[in-house]
Amino acid sequence: MVNIRILAALLLCTTYTATAQDTAKGLVYDDANQNSTRDPGEAGLPGVCVSNGKEVIQTDATGAWTLPVDDDTIFFVVKPANWMTPVNAEQVPQSFYIHKPNGSPELEAKGVPPTGPLPASIDFPLYKRDEPAKFNVLLFGDPQARGLREVNFVTHDVVEECIGTDAAFGISLGDIVADDVNLFKELNESIAQIGIPWYNTFGNHDNNRGSTGDETSDETFERVYGPGSFAFEYGQVCFLVMDNVYFKPDGKYEGSFTEDQVAFVKNYLSLVPKDKLVVMTMHIPILRVRNRADMYALLADRPHTFTISAHTHTQANVFIDKEGGWPSDTPHHHLISATVSGSWWCGTFDELGIPHATMNDGAPNGYSTITFDGNRYSVVFKASRRPADYQMNIYLPSEIEQASIAATEMLVNVFAGSDRSKVEMQIGKNSDWVALEQTRTIDPECLRMHQQNEHLNEQVFGWKTDYPSQTSHMWKGVLPATLSPGTHTITVRTTDMYGQVWSDHRVLRVR
């Protein structure tokens with residue numbers, strides 16, 4: 001008889017090589033009892049997309065698929081609307097199979113163990129569920145935890161208030177950790193407490209240290225999350241999650257899509273009806289991607305597209321037009337999302353021992369909720385542990401001499417504001433609303449905190465925050481010189497690109 005343990009050891013020591021002609025095959029099936037095993041009577045599902053990261057094929061009438069394979073291939077099923085893949089204990093969707101027969105190369109952190117020879121059939125279970133056309137999604141940009149202390153910051157500052165959300169699922173936009181991929185598990189366990197499926201984007205700080213190029217930069221990420229680029233569908237929306245961080249042999253990185261990624265998007269979108277909304281998430285803003293024109297060309301002929309990134313530790317709504325390289329007459333909306341870590345978890349500690357972590361543009365750290373309704377969407381920013389209607393800071397002295405009113409400028413930082421926002425002010429309750437002027441400048445309070453905390457950050461955290469950046473979501477205005485002495489309430493109202501209205505007040509004494 002063959003000793004099973006000896007056989008298993010021999011398999012792990014064997015080097016497998018796949019030829020270009022090798023193919024993998026499998027089945028997508030209705031896992032009615034959700035046990036991740038195909039039982040008698042569980043039918044195959046036709047017309048479901050399966051990919052190897054480049055080619056995309058739809059299952060045949062029996063649910064079967066066949067795709068090319070080499071010795072470093074991740075196969076994944078594109079979850080269709082009204083179906084769901086299993087999730088693991090950490091709420092990470094299990095929609096993939098890794099074929100890496102020899103495993104990952106030896107790196108500082110554990111990668112994928114040897115998977116051995118190709119299975120006779122790679123089967124993907126799906127189970128039925130109702131998915132409404134209108135649903136919410138949570139967006140976490142750059143949790144970027146350094147050590148368990150900052151995992152706890154993420155947990156107490158953001159995760160706890162999201163427990164009980166009505167969001168269908170969440171997406172992290174990269175830089176899940178800060179160069180320590182061994183923390184994936186702890187952070188996943190915390191985010192899993194929210195209780196919804198969670199998809200993850202690869203960021204430049206999620207790489208394996210010591211890797212010698214792009215191919216080995218994401219070995220631990222693959223073990224934990226699966227492919228860096230994949231797709232899934234929910235309602236009337238098709239989501240493409242893309243790894244656009246390309247590591248060079250010298251360890252430096254750039255924003256870039258590989259040829260296989262471009263081919264995957266092209267092949268997948270050829271199967272997606274034009275009336276669907278296509279949402280593409282990535283880590284590095286698409287404007288900073290070397291070959292962004294390749295992706296623009298695939299998206300520009302579709303009437304409903306939206307791309308999302310993080311990375312900059314600022315928040316911005318960018319409208320890419322022809323001057324910016326977008327081929328269509330209608331500008332494309334790209335959201336650079338707020339970051340959970342704000343300014344890398346730096347700043348003075350509050351009463352709960354959590355840094356203020358204000359972002360470089362003066363907006364508080366936080367996250368966003370996207371509401372999808374058919375092929376339309378709207379975005380709401382949420383500052384961590386603040387009321388939902390905290391959407392701006394108004395900068396104006398508490399007291400002004402009447403003779404100085406005309407020379408005093410009021411600044412308003414509308415955290416999620418854009419070129420399409422309308423921002424107005426009203427003095428008292430009965431005066432006319434006056435439009436404020438959009439401007440680009442540094443948030444004055446962000447600058448003050450940076451100067452005050454610069455040495456603290458270096459001593460406590462071991463690094464300095466970046467110098468504050470100019471923000472485009474700032475507005476300015478001047479009060480009327482005729483404002484009489486006394487106490488006045490100034491109301492600022494903003495209407496965003498989705499028609500959502502927010503307001504705040506500032507009380508001023510004129511002497």
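This briefing walks through the fold of one protein and then looks at several of its residues. The model is predicted. The protein has 511 residues, and 55% of them are buried. Its secondary structure comes to 7 helices and 30 strands. No disulfides turn up in a search of the whole structure.

**Overall shape and packing**

- The radius of gyration of the protein is 25 Å. A compact globule of 511 residues would have a value near 24 Å, so the two agree.
- Along the principal axes, the C-alpha atoms fill a box of roughly 100 × 50 × 45 Å.
- Many contacts link distant parts of the chain. Take the contacts between residues at least 6 apart in sequence: 71% of them join residues at least 24 apart.

**Surface and charge**

- The accessible surface of the protein is about 22,000 Å². Carbon and sulfur atoms account for 50% of that surface.
- The protein carries 40 positive side chains and 64 negative ones. The centres of these two sets are 4 Å apart.

**Cysteines**

- A disulfide is a covalent bond between the sulfur atoms of two cysteines. The search of this structure finds 0 of them.
- Why does Cys 238 have no bond to Cys 49? The sulfur of Cys 49 is the closest cysteine sulfur to that of Cys 238, but the two are 8.8 Å apart, which is too far for a bond. The cut-off for a disulfide is 2.5 Å between the sulfur atoms.
- Cys 238 has a relative accessibility of 1%, so this residue counts as buried.
- Cys 162 is also buried, and its relative accessible area is 3%.

**Two residues with positive phi**

- Ala 357 has a phi near 55 degrees. That is a positive value in a residue other than glycine.
- Ala 357 sits in the loop between strand S19 (332-336) and strand S20 (366-373).
- Is Ala 357 buried or exposed? Ala 357 is buried, because its relative accessible area is 0%, and buried means under 20%.
- Arg 385 also has a phi near 55 degrees, again positive in a residue other than glycine.
- The loop that holds Arg 385 runs between strand S21 (376-383) and strand S22 (392-395).
- Arg 385 has a relative accessible area of 31%, so this residue is partly exposed. The partly exposed class lies between the 20% and 50% cut-offs.

**Two more loop residues**

- Asn 35 is placed in the loop between strand S1 (23-30) and strand S2 (49-51).
- Asn 35 is partly exposed, at 36% relative accessible area.
- Along the chain, Asn 35 and Tyr 127 are 92 residues apart. In space, their C-alpha atoms are 9.8 Å apart.
- Lys 322 belongs to the loop between strand S18 (316-320) and S19.
- Which residues does Lys 322 contact, leaving aside its neighbours within four places in sequence? They are Pro 327, Ser 328 and Asp 329.
- Lys 322 and His 332 are 10 residues apart in sequence. Their C-alpha atoms are 9.5 Å apart.

**A tyrosine in a helix**

- Tyr 225 lies in helix H4, which covers residues 219-225.
- Tyr 225 counts as buried, with 6% relative accessibility.
- Not counting residues up to four places away in sequence, Tyr 225 touches Val 92, Phe 96, Ile 176, Phe 184, Asn 188 and Asn 200.
- Tyr 225 and Ala 81 are 144 residues apart in sequence, and their C-alpha atoms are 21 Å apart.

**A histidine in a strand**

- His 488 is part of strand S29, which covers residues 486-495.
- His 488 counts as buried, with 14% relative accessibility.
- How far apart are the C-alpha atoms of His 488 and Val 507? They are separated by 5.7 Å, although the two residues are 19 apart along the chain.
- Val 507 is one of the residues in contact with His 488, leaving aside neighbours within four places in sequence. The others are Ile 427, Leu 483, Arg 506, Leu 508 and Val 510.

Key: Residues numbered from 1 in each chain as written. Predicted model: local features only at pLDDT ≥ 70, side-chain atom pairs only at ≥ 80, totals over all residues. Heavy atoms only, no water. Helix = DSSP H or I, 4+ residues; strand = E, 2+ residues; numbered from the N terminus. Rg over C-alpha atoms; globule rule 2.2 N^0.38 Å. Buried < 20%, exposed > 50% of the residue type's maximum accessible area, 1.4 Å probe, protein only. Contact = heavy atoms within 4.5 Å. Areas by Shrake-Rupley, 256 points an atom, 1.4 Å probe, with all protein chains shown as cover. Lys, Arg positive; Asp, Glu negative; His and termini not counted. Charge placed at Lys NZ, Arg CZ, Asp CG, Glu CD.
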